[in-house]
Structure formats: C-alpha cells, structure tokens
Amino acid sequence: MDSFDYIIVGAGSAGCVLANRLTQDSGTSVLLLEAGQKPTQRLIDMPIAFTKFDRLPAINWNFVGEPEPYANNRRIDAPRGKVIGGSSRINGMVYARGHRLDYDDWAQRGLKGWGYADVLPYFKRSETHWLGESKYHGGSGELVVRAPDQNQMFRELEQATVNAGYPKTDDYHGERTEGAQRSEMTVTKSGRRGATSRVFLEPALKRPNLTLRAGCLITRVLFEGKRASGVEYEQDGQLKTARAAREVILSGGTISSPQILLLSGIGPAEHLREVGITPLVDLPGVGQNMSEHPFMLIGWQVVAKNVRSELRIDRAVVSVLRWFFFGKGPFATNGAAGNIFLRTTSEADRPDMQLTCMDIGITGREIYYPGRKTPAFMLGCGISMIKQDSRGEITLKSADPHDPPRILFNLFKEKSDVDRMIRGVRAARKIYHAQPLGSLIGAEITPGDALQTDEQLEQHIRNTAAITLHPVGTCKMGVQTDPMAVVDDQLRVRGVEGLRVIDASVMPEVPGGNTNAPTIMVAEKGADLIRGRSLPRAEV
C-alpha cells in the first residue's frame, strides 16, 4: 500500500488548486487521483471551440438525469469533466463569482469565515484580472481573467440595456453588481483555455512531493474505525489501495463526491441499506440539497446587413492562425459579447437573472425553422436563472461504483422558479428590442413571437429548459444543529475523522454567477484550513 500525507480524489477545478497549494510545503506528500486522462484532442484549448469538445466521451462523464417530474418527464443532460482538469476543461470559461450577498448569506447561516469579506481575499489570490489589481481583484494569481479585445455588438448591447431601463457597470464584481458588462473569461495570456490543470496543476507537477495518477476510478474511502485511512481504486482493471497518513480529501464535484461518500457507507442509512451497503455513518444530507441554474435559449433572426461573420471559411482560417501564433482574435474568446446581471422584480435584493449575450459575428449560426425554406442567421442569448428555490438530489442506483448515480434536478418543482424564468424571458426581449440592438434583429426564432402569455411561456419552459451546468450543494456546509449538513465550516465530514470534501458540493446554495470561480475559491480556502492558515479579511 502506497502512503502519502494527503490523498486528493479528483483532479478538477478544486483538486488541481489543492494539489498546488498543499505541495507548496516541501515536507508534505500528496497523491492526486483522477478517473479521466489528459486530453489529446487537437484544438481543445482553443476557447471558441469548446462546444465541439464538451460532450466527447473521452473527457466527459456525460451523465443523464432521471425523468424530471416538473419538466414533462424529460431527462436532462448533466455533462461533467472526466479528464485531468475536470469541468474546467469543458466549461464555457465564463468568470462570474456571484453576488457578495450570496456569501454573506453563508455567514448568516452560522458558517464562520465564509462571508464576503472572508472569501474575497481568496478570489483575489487566484487571479490576474484584466482591470488590474484593486480592492476587488488580484493582479498576480495563476488564473488569468480576460475580456474580449473586440466584438461587433457590445456597445449596442450596453446601450440597449440602458434604454430598456437596466443599468450598466464597469465591473460586476465591484461596487455596482448589476447591469451589462463585457463578458469575462478564464483564458490565458497566450489565448488558451485557462483550465485549472494548465494554470495550477502543471507547475505543481514539477515538485517531487506531488504524485498524479490518471485512469483511477475510486470505489470507496477506507476507514479504520471512524477515521479515514485511505482509498480503494481501480486502475487498468486492477483494484489498488493507497494510504493517507493525515487526510483524504474528496474533490470529485457535486455529483461524484456524494456518490463516493454513499459507496463508502456515509449517507442516509435507509437508502444505503436499500442498495446493499452497510451504513458507517447515518448522514441524511449526503446527496440532498442540490441546486442548479435553470437555463434556456432565446434567439432572433438577424436582419442587419453589415454583420461580419467570422465563421466564413476564409475568415475562420485567418482566425485560427491568429489564435495559434498570437493568442488573439475572435477564436481566443468563448463567443460571448457581454453578461447582463439584472433583477426581474424590484423586491429582489440582488440580481436573479444572468443573460449571456452571444457575439453576433462568431456565434450567430444559420438554422432552419418552421415555415422557412432557407436558413436564417440567428443571434442567441442564454438565460440563466441564478436564484432558484427548487432542490434536487443524488442517490445510488446500486452498490457498483461503475454505475452512474441517479440524478434528479427537480427543475421547476417550485412555481416561483417558473414565474422567475418567465420574467427573465420578458427582460431579455425588452433589452434585445431596445435600440440600437433592436435594429439588428427581426423575428424571434425561439421561443417564438407567438408565445406571449404566461401559460404559453410556462409550457415552453417546462418543455425545453435545461441547466447551466452549475450544480452545487450535495455535501453542503452547515452548523452542528443543521441535520442536513454534511461538512462543517472547516469542510470536515461529520461523524468521521480524517475526511474532508472540498469542491462545489459543499456550497449551501448556488451563487448567482458561474461556479468555476467559486469552486476555485473554496479550494483556496480549504487548502488554508488544512494548513492552519487564513488570509486577513477584506475591507469592504
């Protein structure tokens, strides 16, 4: 049996950060285990090409949920990275931390050290921000945060947002957290995808105290009594074990971390017995409390005559070469012109909707739609509902670690979520029909101009809405009196010793933004908790 001080399960957004930070102590040995392999696909690091690679079986678990009872029994796809770098290898690279009140809510739940002033220093430590080092941003971190150096429609988008009655902002992570701003993305200075495996893990692999093993499916955590002593895993068809002298750290993510806990006998005792697993600790919150951002697309036919399509073959060739040699140009972006964070009701104390507005020149695509014999150029906008009331769950299908877990999002279980999404559709329509953006578009292709009433939009939402790929909460942090808490504010699993969960699954509620940046923050802070350190609180 190999022996290390720490074993990290999962080389995703959290695991790569942890491996970097823990091995900064030269006397500490770390084993990092990952089920996937290093990606080998050409152009996978080209930001604009992410939709061509994000569902490849070689790098994606490609989970599929159970029939959704409140979404017309549709099965919702739940892509998750099965690759070194995890979901930071397949995501849309949008950098959006969420609202400051999201983290203050965590502190108000009794989670000491998790308020906005506590976590802001950890966001800053990770990043090198395009606006420069400031009260709200870091200037020397590994994660480069950029904005597109050019696009064809941001100024029109910004002005239309203001004309529709919403604000604009120079920095939605700063003083004004609502409005339109250029889309921020995790793309390196050389124009490559800023996956955590690239920016955090690769430098750490040069250290002799870090061992990375790929192709390792974790079957269970090993225990001596109630203390985690190591892990059992399958590699190349062989069952192997490794020992952790100090701690085992689960960083498998919101779907895989609770699955591993359940396979190890930690979770709701009745459910464990149902699938043939002897309970070690009856912890009812494992796999529960899953929250996600529901997502839908709205799109319009482009009628403007002066749109420059960067996808035309001759321009695309030039853009590929420009990206390859200089790391610049439209193909060094994720295709988003801007993000708009807005409140759909004046009673809300923070934005509840995020519009990811696609650049007309590099994401507009020719599609056919009913009643039209020739394709139309479509401009799309992704609507993410970033405040959600419904909750889902992760459970086991069987005691076999090869079986994917059961995933139930319970999308739109709460009618308040449907109402909020309808308001989001109406807000997007209002902005896109405002000038000068309104002069670029014609008929609404999806959901379609014919759908106007709440009843019509509700049916469309339940028929078509998906998820933004931001699941959190299945191993939620909580205080001792919270019966559904899985970990404490030190990220230690309740009822056992020597075991932590450090990834998006510990978030008690999904932040109002994209979850990659908050996951990196959780890992930054988690590494300091393990090492007995902390950064000073921010003055905000």
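This section describes aromatic pairs, a helix packing contact and selected residue environments in a predicted model.

Eight aromatic pairs were counted in the model. One of them joins Tyr103 and Phe123, whose ring centres lie 5.7 Å apart with the planes at 70°; the pair is therefore edge-to-face, since planes over 60 degrees apart are assigned to that class. This pair links distant parts of the chain, as Tyr103 belongs to helix H3 (residues 100-108) and Phe123 to helix H4 (residues 116-126), with the two positions 20 residues apart in sequence numbering. Tyr103 and Phe123 are both buried. Together with Trp106 and Trp114, these two residues form one aromatic cluster.

The helices that carry the pair also pack against each other. The axes of H3 and H4 are 8 Å apart and meet at an angle of about 125°, so the two helices are oblique to each other. On the H3 side the contact involves Arg100, Tyr103 and Asp104, and on the H4 side Tyr116, Val119 and Phe123. By residue class, this contact of H3 with H4 comprises four nonpolar and two charged residues, with no polar ones. Tyr103 and Phe123 thus appear both in the edge-to-face pair and in the contact between the helices.

Two lysine residues are placed over tryptophan rings. Lys525 lies over the face of Trp114, at 5.2 Å from the ring centre; Trp114 is also a member of the aromatic cluster that includes Tyr103 and Phe123. At Trp61, the charged end of Lys82 sits over the ring, 4.5 Å from its centre.

A further tryptophan, Trp130, is located in the loop between strand S5 (127-129) and strand S6 (143-145). Its relative accessibility is 37%, and Trp130 therefore counts as partly exposed, a class that lies between the limits of 20% for buried and 50% for exposed residues. Leaving aside residues up to four places away in sequence, Trp130 touches Val145, Arg146 and Ala147, as well as Gln181, Arg182 and Glu184. The C-alpha atom of Trp130 is separated by 9.9 Å from that of Met185, although the two residues are 55 residues apart along the chain.

Helix H11 (residues 454-464) was examined for its buried positions, which are Leu457, His460, Ile461 and Arg462. The buried residues of H11 pack against three strands and one helix, namely strand S4 (74-78), strand S14 (294-302), strand S21 (441-446) and helix H10 (415-433).

Definitions and conventions. Residues are numbered from 1 along each chain as its sequence is written. This is a predicted model: local features need pLDDT of at least 70, side-chain atom pairs count only at pLDDT 80 or more; totals for chains, interfaces and linings use all residues. Side-chain values use heavy atoms; hydrogens and water are left out. Rings of Phe, Tyr and Trp (its six-membered ring) pair if their centres lie within 6.5 Å; planes under 30 degrees apart count as stacked, over 60 as edge-to-face and the rest as tilted. Helices (H or I, at least four residues) and strands (E, at least two) are DSSP runs, numbered from the N terminus. Buried means under 20% relative accessible area, exposed over 50%, partly exposed in between (1.4 Å probe, protein chains only). A charge sits over a ring if NZ of Lys or CZ of Arg is within 6 Å of the ring centre and within 35 degrees of the ring normal. Axes are lines fitted to C-alpha atoms, for helices over the stretch in contact, and angles run from 0 to 180 degrees between N-to-C directions. Angles under 35 degrees count as roughly parallel, over 145 as roughly antiparallel, 65 to 115 as roughly perpendicular and the rest as oblique. Contact means heavy atoms within 4.5 Å. Ala, Val, Leu, Ile, Met, Phe, Trp, Tyr, Cys and Pro count as nonpolar, Asp, Glu, Lys and Arg as charged, and the others, Gly among them, as polar.
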